[in-house]
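Visitor: I would like to learn how to read a model of this kind, feature by feature, beginning with the backbone and ending with the ligand.

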Amino acid sequence: MKRHLAFGAFLFLCCVLPSHSEEYATLRQKMVEEVIAASGSSRPAPKVMAAMGKVERHRFVPSWLTLFAYRNQPLPIGYGQTISQPIIVALMTDLLQVKEGDSILEIGTGSGYQAAVLAEIAKSVYSIEVVEPLGKQATERLRSLGYDNVKVKLGDGYYGWPEAAPFDGIMVTAAASHVPPPLLKQLKPGGRMVIPLGASFMTQYLMLVEKKADGSVTSRQIEPVRFVPLTGGH
Ligand code: SAH
């Protein structure tokens, strides 16, 4: 009986799981169209959507979730963490206004998906992850997918990556209670930082922080969001 069930489950998975890269490409294109449609007036720049049309999100989620990889929803990646919803990845990438020659810092590597999207546009991406197994998995995944312009470091992202600073853009993908001063210091004049602010289980807001050419800093609320908290010993 158990064997029959297992065989049945196997057949079911064979039938419903896309088996060829073209099928995933079709699903990915549908995801891109869905994100554009759902973005309304804050439609992301074409280069952002082109990047998301390239990155194989199904390779960044646990194998038992590949079927859901191209839905516009966050998914668990283990260790209580999640890969962000595609529309949020698009929004955050768009807000950063990433250019071809840019050097970008990401805090919270997670699966490595957001880093890969950034790496499709920027020259180099530095990403910090505090959960060791996630950081190691993401490093290996990004390497095997050929993202040579992404460097992953294990540690508390609150302190940034001083050796690689300054950065044209900084993206924090976990919710903090305040803008970490070391990150602000590592942002170039004229640079942008996107960061969710607020406690977990409370309303968090995605903030756009801009450091002007004269070094002055402005920030504005973009929209309410839900992120896992920025942890670490800071
Ligand atoms: N950008 C990721 C998803 C982020 S989920 C992706 O594309 O998949 C938030 C991530 O931030 C988690 O992996 C979590 O472990 C990590 N994180 C939380 N606090 C951190 C800290 N202080 N420093 C670095 N990473 C942190």
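Guide: We shall take backbone geometry, burial, contacts across the chain and the ligand site in turn, keeping in mind throughout that this is a predicted model.

Visitor: Which residues are joined by a cis peptide bond, and where does Pro166 lie?

Guide: The general expectation is that most peptide bonds are trans, and that most residues other than glycine have a negative phi. In this structure a cis peptide bond, with omega at about 0°, joins Ala165 and Pro166. Pro166 belongs to the loop between β5 (150-154) and β6 (167-172).

Visitor: Which residue in the loop between β1 and β2 should I look at for its phi?

Guide: Look at Tyr79, which has a positive phi of about 60° although it is not a glycine. Tyr79 is placed in the loop between β1 (75-78) and β2 (81-83), and with a relative accessible area of 49% it is partly exposed.

Visitor: What is the phi of Gln97, and where along the chain is this residue found?

Guide: Gln97 is not a glycine either, yet its phi is positive, at about 50°. Gln97 sits in the loop between α4 (86-95) and β3 (103-107), and its relative accessible area of 49% makes it partly exposed.

Visitor: Staying with the loop between α4 and β3, is Asp102 buried or exposed?

Guide: A residue counts as buried when its relative accessible area is under 20%. Asp102, in the loop between α4 and β3, has a relative accessible area of 7% and is therefore buried. A polar atom of the Asp102 side chain lies 2.9 Å from the backbone nitrogen of Lys99.

Visitor: How should I read the burial of Ile87 and Asp94 in helix α4?

Guide: The cut-off of 20% separates buried from partly exposed, so these two residues are best read against it. Ile87, in helix α4, counts as buried because its relative accessibility is 18%. Asp94 is also placed in helix α4, but at 22% relative accessibility Asp94 counts as partly exposed.

Visitor: How many residues of α5 are buried?

Guide: Helix α5 is mostly covered, given that 8 of its 9 residues are buried. Among them are Tyr113, Gln114, Ala115 and Ala116, together with Val117 and Leu118. As background for reading any such helix, residues three or four places apart point the same way, because an α-helix has 3.6 residues a turn.

Visitor: What do separations along the chain and in space look like for Ile87, Asp94 and Met193?

Guide: Each pair has to be read with two values, one along the sequence and one between C-alpha atoms. Ile87 and Val32 are 55 residues apart along the chain, and their C-alpha atoms are separated by 8.9 Å. For Asp94 and Gly155, which are 61 residues apart along the chain, the C-alpha separation is 26 Å. Met193 and Val172 are 21 residues apart in sequence, with 7.8 Å from C-alpha to C-alpha. Met193 itself lies in strand β7 (residues 187-197) and is buried, with a relative accessible area of 0%.

Visitor: Turning to the ligand, which residues come nearest to it?

Guide: A ligand site can be described first by its shell and then by its polar contacts. Of the 26 residues around the ligand, those that come nearest are Ser111, Glu129, Asp156, Gly157 and Thr231. By class, this shell has 11 nonpolar, 12 polar and 3 charged residues.

Visitor: Which polar atoms of Ser111, Gln114 and Thr173 should I inspect beside the ligand?

Guide: For Ser111, an N or O atom of the side chain is 2.6 Å from an oxygen atom of the ligand. For Gln114, a backbone N or O atom lies 3.0 Å from a ligand oxygen atom, whereas Thr173 places a polar side-chain atom 3.2 Å from a nitrogen atom of the ligand. As for cover, the ligand on its own has 580 Å² of accessible area, and the protein covers 99% of this.

Visitor: Which elements give two or more residues to the shell around the ligand?

Guide: The space taken by the ligand is the largest pocket, and the elements that give two or more residues to the shell are β2, β3, α5 (113-121) and β4 (124-129). The largest share, 3 residues, comes from β2.

Key. Residues are numbered from 1 along each chain as its sequence is written. This is a predicted model: local features need pLDDT of at least 70, side-chain atom pairs count only at pLDDT 80 or more; totals for chains, interfaces and linings use all residues. Side-chain values use heavy atoms; hydrogens and water are left out. Helices (H or I, at least four residues) and strands (E, at least two) are DSSP runs, numbered from the N terminus. Buried means under 20% relative accessible area, exposed over 50%, partly exposed in between (1.4 Å probe, protein chains only). A residue is near a molecule or strand if one of its heavy atoms lies within 4 Å of it. A polar contact is a pair of N or O atoms within 3.5 Å; within protein, one must be able to donate a hydrogen and the other to accept it, and residues adjacent in sequence count only if both atoms are side-chain atoms. Accessible areas come from the Shrake-Rupley method with a 1.4 Å probe; for residues, only the protein chains shown count as cover. On a 1 Å grid over the protein atoms alone, a cavity is a set of points where a 1.4 Å probe fits but cannot get out, and a pocket is an open set with protein on both sides within 12 Å along at least five of seven lines; lining residues have an atom within 4 Å of a point. A molecule sits in a cavity or pocket if more than half of its atoms lie within 2 Å of its grid points. Ala, Val, Leu, Ile, Met, Phe, Trp, Tyr, Cys and Pro count as nonpolar, Asp, Glu, Lys and Arg as charged, and the others, Gly among them, as polar.
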